[in-house]
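Please read the following walk through this protein with the sequence and the coordinates side by side. The text moves from charged pairs to strands and then to aromatic rings.

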Amino acid sequence: MRKPLVAALFALVIAGAGAAPAVAAPAPESAPAHTSASAVTAATKAAPTLQAVSLAGTVALSNCSGSVVRFPNSADTDPALVLSNGHCLETGFPEPGEVIVGQSSSRTFGLLNSAGTKVATLRASKVAYSTMTDTDITIYQLTSTYATIKNSYGISALTVQNTHPTAGTAITVASGYWKRLYNCNADGFVYRLKEGDWTWKDSLRYTSACNTIGGTSGSPVVDQATGKVVAVNNTGNEDGERCTVNNPCEVDASGNVTVRQGINYAEETYQIPACFTTGNKLNLAASGCVLPKP
């Protein structure tokens, strides 16, 4: 689980990554000289238009990353929400099978602009939802509305996509804690991802370019073609161990276990919007809501 570690900080200092500016998604390579103009035009039309993802709307927590998010049916006057990991909850890891709803919280978040500069401190009013069962998410309700944040700081919330992500999609993991962007692709999906006592369903596996580290937990995973959040970054296999803490393993439908040292993962978020109704109110009994219940 990607909470900040001394080793991760040391690695960043050695690599110089902590001081490096955020890197936008790479531009598409030019077509070879022998490719016809019509072929180039056809390829351009077929390929999705990728956009540079920035740090705008991400937040830094005391020990993790996160983002201000909204759903397709959220209104500007609704209380804003922050999405992070279940294992980033300030009161400790939720136990397997535990679901936390409506827990009081006054946690603060550093709101970042596109350059990674802190422009405001936001405050939670409560933990709307948190669990590490089937998924690894915490959703905080803030004391501010989306309109207040936009009007005061010029920052818009990231929209959570309500459909399943697609393998091969170009994605960016945007870490507010490190003020750093990781660009790669969605490599595929894992039937079950097991780490210590916790098991997550249908996790998203990155290609190796997203070499996330401690502190990136809770970062939004953004589809570069749509700018929408498709997952929340949460873990990676550090030492090649099998199914231990910080060393998740993949388990297929037949029970076969695969260990991929150095590969990192996220938990999909498309199932969350159906559980929040008018006014950004959590309703776990809503039609289509499949999040674990208390």
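With which residue does Arg107 form a salt bridge? In this predicted model, the partner is Glu90, and the closest N and O atoms of the two side chains are 3.6 Å apart. Arg107 lies in the loop between strand E4 (99–104) and strand E5 (108–112), while Glu90 belongs to the loop between strand E3 (79–84) and E4, so the salt bridge ties together parts that are 17 residues apart in sequence. The two partners can also be described by their accessibility: Arg107 is buried, with a relative accessible area of 9%, whereas Glu90, at 37%, counts as partly exposed.

A search of the whole structure finds 6 salt bridges, and another of them is formed by Asp134 and Lys201, whose closest N and O atoms are 3.7 Å apart. This pair links distant parts of the chain, since Asp134 sits in the loop between strand E6 (118–131) and strand E7 (137–145) and Lys201 in strand E11 (residues 198–206), 67 residues apart. Asp134 is partly exposed, with a relative accessible area of 25%, and Lys201 is likewise partly exposed, with a value of 39%.

Strand E11 also supplies a partner for a further salt bridge, in which Glu250 and Arg205 bring their closest N and O atoms to 3.0 Å. Glu250 lies in strand E14 (residues 249–251) and Arg205 in strand E11, so the pair ties together parts that are 45 residues apart in sequence. Both Glu250 and Arg205 are buried, and salt bridges that share partners join Asp187, Arg205, Glu250 and Arg260 into one network.

Against these paired charges, Asp223 deserves a separate look. Asp223 lies in strand E12 (residues 220–223), and although this residue is buried, it has no salt bridge. The nearest side chain of opposite charge is that of Lys228, 9.1 Å away, whereas a salt bridge requires a side-chain nitrogen of Lys or Arg within 4 Å of a carboxyl oxygen of Asp or Glu. Leaving aside residues up to four places away in sequence, Asp223 touches Gln161, Thr169, Ala170, Ile171, Lys228 and Val230. Lys228 is thus among the residues that Asp223 touches, even though the two form no salt bridge.

The next stop is strand E7, which was met above at one end of the loop that holds Asp134. Of the 9 residues of E7, 7 are buried, so this strand is largely enclosed by the rest of the structure. E7 pairs with E3 in the antiparallel sense over 5 bridges, and in this region Val82 has Tyr140 of E7 as its bridge partner. E7 also pairs with E6, again in the antiparallel sense, over 6 bridges, and here Ser130 stands opposite Thr138 in E7. The hairpin of E6 and E7 has 5 residues between the strands, and within it Asp134 takes a positive phi near 70°. Asp134 therefore combines a place in the loop of this hairpin with a salt bridge to Lys201, and the accessibility of 25% explains why it is classed as partly exposed.

Tyr140 leads on to the aromatic rings. A pair of aromatic rings is described by the distance of the centres and the angle of the planes. The structure contains 4 aromatic pairs, and in one of them the rings of Phe109 and Tyr140 have their centres 5.1 Å apart and their planes at 65°, so the pair is edge-to-face. Phe109 in strand E5 and Tyr140 in strand E7 are 31 residues apart, and their pair links distant parts of the chain. Phe109 is buried at 1% relative accessibility, and Tyr140 is buried at 0%. Tyr177 and Trp178 form another edge-to-face pair, with 5.1 Å from centre to centre and 80° between the planes; Tyr177 counts as partly exposed at 26%, while Trp178 counts as buried at 15%.

Aromatic rings also meet charged groups. Arg70 lies over the face of Tyr146, at 4.7 Å from the ring centre, and the charged end of Arg192 sits over the ring of Tyr191, 4.0 Å from its centre.

Technical notes. Residues numbered from 1 in each chain as written. Heavy atoms only, no water. Helix = DSSP H or I, 4+ residues; strand = E, 2+ residues; numbered from the N terminus. Buried < 20%, exposed > 50% of the residue type's maximum accessible area, 1.4 Å probe, protein only. Lys, Arg positive; Asp, Glu negative; His and termini not counted. Contact = heavy atoms within 4.5 Å. Pairing = 2+ DSSP bridges. Phe/Tyr/Trp six-rings, centres within 6.5 Å; stacked < 30°, edge-to-face > 60°. Lys NZ or Arg CZ within 6 Å of the ring centre and 35° of its normal.
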